[in-house]
Every structure is written in C-alpha cells, then in structure tokens.
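Work through the exercises below with the model open beside you. Try each task before you read its solution.

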Amino acid sequence: MSDAAARPFWSAWLESLRQRRQARAETVTGPLPVRDYVNVTAQPSTVMGFDQALVWVVLALMALGLVMVYSASIALPDSPKFANYAPTHFFSRHLFSIVLAICAAAVVTQIPLAVWERWAPWLFVTSLVLLILVLIPHVGKGVNGARRWLPLGVMNFQPSELAKLAITLYAADYMVRKMDVKERFFRAVAPMAVAVGVVGLLLLAEPDMGAFMVIAAIAMSILFLGGVNGKMFALITGVLIGAFVLMVSLSPWRRERIFAYLDPWSEKNALGKAYQLTHSLIAFGRGEIFGEGLGSSLEKLHYLPEAHTDFLLAVIGEEFGFVGVAAVVVAFFWLIVRLFNIGRQAIALDRVFSGLVAQGVAVWMGGQAFINMGVNLGVLPTKGLTLPLMSYGGSGVMLNCVALAICLRVDIENRQLMRGGRA
C-alpha cells in the first residue's frame, strides 16, 4: 500500500478516536468522580521514630521473666522462712516493679542525651553517696550476710545497680572530655582508674564482687572503644586480673567457692559451697531438649536456693529444656548486637557520647547475662548476679529498663538526624 493510500486510513482512525473522547466528555454531568477510599497497602511505608523490634524483644524477655519468677517462687511459702508470704507475693511485687520500670523508661526516652551528658558526673557522685549510705548500720539492709539494699518502703533499692548506669554515663562523658589526651596514661586513664577503684572498694565492702566485675568491664570497654592506646589497655587488664586474683587468694570463703566450683560433685562440696551449682546442673539435666513443662520443675521445691533470682535460668532449663534456654540466649545476643549497632551508628553521626553510652549498656547487659548464664551452667564460679530484665529484683529491672530507654533515645536521635532533623 502506498503512502498516499495509507494517509486517509490513519486520518479516519484518529478522527474516530477524537469523536468518541468528545462524546464521553459531553455525557459527564456534575463534578468529576473522586475515590472515597485509599488503598493503604499501596502507600510507601514511613520511617518509624524508634526501633520497634528492640522494644518487643525487651518486653518479651520481661514477660517471660515474670512468668518464670511466678513459677519459681510459688512453692516458697511452704518453707518456714517464707511461711507468712502469699503464693503470689513475689509475682505481684515483680509485676509492680515491671510496671514502674516501664513508666520510668517512658519518661527517660523523652530526655535528650545532651542532658545525660551534662549530668553524668553528678549522677556518678550520687551513686557514690548511696554506696556509702548502704554500709551505714541501721540505714542499709543486710540479707544473707551482705549489706546491699536501701529500704524505700515500696521496694528495696540496690545502689550497685545505679552505679552501673552511673559508670556507663560517666565513662562515656570522661572519654569525650579526654579525647585529645587519650594517648597519655596519667592524664587519660589514671583518673578513671581511681574512680573505678573507689567504686570497687565500696562494693567489696558490701560485699558485691559480681557488681564490681560488671562495672570494671563497662569502664574498660568504654575506654577501649573510646580509643585508648592498646598498651595502656593491656596494662589495665593485667592490673584488674591481678586484683581479682589477690582478692580471691586473700579471702578464705572465696577460695573455698573456687575449689568447690572446680570439683562440685565431691560429697563435701555438693553439700556445701557447690550445693546451688549441683542442683542447677540437675535442673538442666532434667529439662533435656523440650523440658518438663511450665510449672513442672522439681528443683524449685526447696532444693535450688534463690531459684527466682540468681538461678532463674536453671528453672527455665528444667521447664522448657534446651529449646527454652537457647531462645533466651538468642534474644540476649540479638539485643546486644542491636545495641552495638545503635552505638556505632551514633559515632558515625559524630555523636561520640551517645555511641559510647549505647555500647557501654551493651557490655553491661551482655557481661551480666554471660556471668549469670555461666554460673547457672557451671562454666563460671558462683556469683550473686541476676539475669538482666528477667530475675526477681525491683531496682535491677528498673535500672535495666532505664539504661535501655537511654539507648532507645540514642536510636531516636540517630533517626532524626538521618531524616535531616535535629537531635
């Protein structure tokens, strides 16, 4: 077909399209139709203002802890020591502590990190004052030979928990202030070592060696992450290890505990210093892969002391088996990795204080969880450290939630900066 013959065909087709479009337009009367609904699934997702996964993991750990505290403590009123307690005594008090902790965390998330940086030295001084007060007779409360609590009526407050938060904030603020002299030992490291030493002396007077180990780990990790010279860090590590060895060697009851840990199944140790450890291992053995079932633990029936505090993981192992223990370990591992990522992101945004605080809290949670799990599983000597977020203890749960709320605030400010806002 020639071009001359094709033109009339295309012209006629275009003309017909124009006429049909005009006809449709003439039939429309009134305003143009507008959709009265929006397909939400087709809309782009918005950037959340906070890390929802972090919040849900923390709430899940606290919820499981509440259930296990109830399971581990429900039989305690059967013993003469707790005869006047209701079966739900520890459950109700722990629930009250969790509600109080969540309310405190909600308030803390509204406080900018600049405020914490400004008040970090004063919070550290406050923690020192409270650590001194707890040692004064008729002021501090003693339990099982240790004086670690201040009675506040609604709950017993443990100053060592506040000291963990205070040393985290103070060490981060200290490294920011000393950033230009971090290569000089006496100007950068020595003052921090003195501060940790003072806290350590007060904690060992209670005695609370477990809390001192966690605090020393927090301070050392922040110094290391802050860029302290490797040789100086190695020197500090050597001094701390030497101090711990000296404390153990000079303390007869600590030596006995170490020897019992090395041979827990001997008759003398199994009925003495290793009594808790052996019954903890029995609990894990009974749990096997899938556990005996919720509420079916036998070790909590006055065989395993402190089942609702230091040895809560053993009850989890007996009732939920390897699967339950593995789930708790994975949850803590995810939490710690997420906190380190939040800290690294803050440092990348040139917010060194915020980043060091988040990573210090990660070391706090990770170190304390590792020690508690290691003690329960017989990997480490017995120490009086609770499982963060889960074990019974009002001040412990509250300060854990406050510390994590500060990290959540770091994440919120990170997201604000990345969206072009101001932290």
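**Exercise 1. Locate Glu288 and His302, and describe their backbone and exposure.**

Step 1: Glu288 sits in the loop between helix H11 (275-287) and helix H12 (312-348). Helices (H or I, at least four residues) and strands (E, at least two) are DSSP runs, numbered from the N terminus. This is a predicted model, in which local features need pLDDT of at least 70, side-chain atom pairs count only at pLDDT 80 or more, and totals for chains, interfaces and linings use all residues. Residues are numbered from 1 along each chain as its sequence is written, and side-chain values use heavy atoms, with hydrogens and water left out.

Step 2: Check the backbone. Glu288 is not a glycine, yet its phi is positive, about 50 degrees.

Step 3: Check the exposure. Glu288 has 60% relative accessibility, so it counts as exposed. The classes are buried (under 20% relative accessible area), exposed (over 50%) and partly exposed (in between), with a 1.4 Å probe and protein chains only.

Step 4: Turn to His302. This residue also lies in the loop between H11 and H12. His302 has a positive phi of about 70 degrees and is not a glycine either. At 39% relative accessibility, His302 is partly exposed.

**Exercise 2. Find the cis peptide bond from Glu206 to Pro207 and place Pro207 in the chain.**

Step 1: Read omega. The bond from Glu206 to Pro207 is cis, with omega near -5 degrees.

Step 2: Place the proline. Pro207 is in the loop between helix H6 (185-205) and helix H7 (209-225).

**Exercise 3. Classify the ring pairs that Phe90 forms with Phe82 and Tyr85.**

Step 1: Apply the rule. Rings of Phe, Tyr and Trp (its six-membered ring) pair if their centres lie within 6.5 Å; planes under 30 degrees apart are stacked, over 60 edge-to-face, and the rest tilted. The structure holds 7 aromatic pairs.

Step 2: Take Phe82 and Phe90. Their centres are 5.7 Å apart, with 75 degrees between the planes, and the pair is edge-to-face.

Step 3: Take Tyr85 and Phe90. Their centres are 5.7 Å apart and their planes are at 15 degrees, so this pair is stacked.

Step 4: Add exposure. Phe82 and Phe90 are both buried. Phe90 has a relative accessible area of 7%. Tyr85 is partly exposed, at 33%.

Step 5: Join the rings. Phe82, Tyr85, Phe90 and Tyr392 form one aromatic cluster.

**Exercise 4. Summarise the whole chain.**

Step 1: Count the elements. The chain has 14 helices and 3 strands.

Step 2: State the burial. Of its 423 residues, 46% count as buried.
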